[in-house]
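Reader: Could you take me through the nonpolar interior of this model in close detail, and then through the places around it that deserve a careful look?

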Amino acid sequence: MRGADTFTESLFTMRKLEDFVPASHPLRAIRKMANAALAKMEPLFTRMYEADIKGGRPSIAPEKLLRAMLLQVLYSVRSERQLMEQVQYNLLFRWFIGLSMDDSVWVPTVFTKNRERLIKHDAVIEFFNEVLAIAQQKAWLSGEHFSVDGTLIQAWAGHKSFVRRDDDDQGNGDGGNFKGEKRSNDTHESKTDVDARLYRKGGTASELRYMGHTLSDNRHGLVANAVVTIADGYAEREAARVMINDARQALDDPAREITLGADKGYDAQDFVQACVDMKVTPHVAQNKSGRHSAVPEAIAQSVGYAISQQKRKLIEQGFGWAKSVGGMRQVMVRGLKKVDQMFVLTMAAYNLVRMRTLGQIRAQVAQ
């Protein structure tokens, strides 16, 4: 018998929001780890806001704000406006953020304004570190063997915004008409995003870009450090030195051996020597194209070197995920600090996704 095309809505419902989320949904494990990291950030959140005794209107809870920002990365939502629209009707999003079915959704501009506070106080970086601490507790990090690499991030600025520095707001100067003119970062800058730099690498065209860098742990490919810098020819090696030095300082045993895998772009005498000075074994791919490699043959012929060269390819998975899923191919924010925070948040999301998979595999092996 054919059913009737009718719709009768109940006046009341006895079901909880969590009942609509499947027990095996991947967001359940991710939310559990994210909440554990957010709980450790309570002292930071307390310092970020005025005491209740001073009065004022309550802002968006920072925990909910960060969970919403995670959703934007995980589901490739392009803008805050689209995110707020989906939270309005998506029960899964409401559950993950911590909103009930009756709670009002934030205005996009209010959401963006509250996000600025998180960026100002480096809450995203703290969240990344707490997620990494969870991975450490679960023994998913080696803490000794790392890989480093960089990737280009297209800025939210066009070629026409790249004009001479002496151009004024009245349009005096070249006005973006650069036909037949040689442009340089020394003489020109983007009026839309002053931190973006015109840069090209390999066979790519010159674009206004930033450069993102990650340090990954070789055990499971989790990102151990992430940072965005101005795009130039020295940024990769300089960022690598800072990140591996941080990893070196984080170890309790200063005598413990650390290895660092990298591609041929890092085969430079100053970088290799800097690694040696920090007691880091440079497992850098040798570049012998018409030159002498800075990596000693004794290192290049070792078994550990071959393993590092194989493991360092895991770092590309993080870059690929960040650009295809996390929206980092071209950022939707402007300014070095904001781009850096979004890149770090994206890598924290990548770690959570990867940790969820590792936890699932461990559970299957234990059965």
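Author: What follows begins with the core and then turns to one buried strand residue, a helix pair, an aromatic pair and two loop residues.

This is a predicted model, in which local features need pLDDT of at least 70 and side-chain atom pairs count only at pLDDT 80 or more, while totals for chains, interfaces and linings use all residues. Residues are numbered from 1 along each chain as its sequence is written, and side-chain values use heavy atoms, with hydrogens and water left out.

A nonpolar core is here a set of buried Ala, Val, Leu, Ile, Met, Phe, Trp, Tyr and Cys residues joined through side-chain atoms within 4.5 Å, where buried means under 20% relative accessible area, exposed over 50% and partly exposed in between, with a 1.4 Å probe and protein chains only. The largest such core has 102 residues, and those with the most contacts inside it are L66, F127, I244 and L260. Its largest share, 12 residues, comes from helix α13 (residues 336-366); helices (H or I, at least four residues) and strands (E, at least two) are DSSP runs, numbered from the N terminus. Contact means heavy atoms within 4.5 Å, and I244, not counting residues up to four places away in sequence, touches F146, L215, I258, L260, M278 and V280. Apart from this core lies another, of 5 residues, among them L152, Y199, A231 and A235.

In strand β5 (residues 207-217) one finds T214, which is buried at a relative accessible area of 2%. Leaving aside neighbours within four places in sequence, the contacts of T214 include S147, D149, N225, M243, F319 and M347.

F127, already named for its contacts in the core, also belongs to the contact between helices α1 and α7, which is made by M33, A34, A36, A37 and L38 of α1 and F127, E130, V131 and I134 of α7.

Rings of Phe, Tyr and Trp (its six-membered ring) pair if their centres lie within 6.5 Å, with planes under 30 degrees apart counted as stacked, over 60 as edge-to-face and the rest as tilted. The count comes to 5 aromatic pairs, one of them the tilted pair of Y266 and F271, at 5.5 Å centre to centre and 50° between the planes; both Y266 and F271 are buried.

Most residues other than glycine have a negative phi. S76, however, has a positive phi near 55°; S76 is found in the loop between α3 (62-74) and α4 (80-89), and is partly exposed at 38% relative accessibility. K279, with a positive phi of about 60°, lies in the loop between α9 (269-277) and β8 (280-284) and is exposed, with a relative accessible area of 57%.
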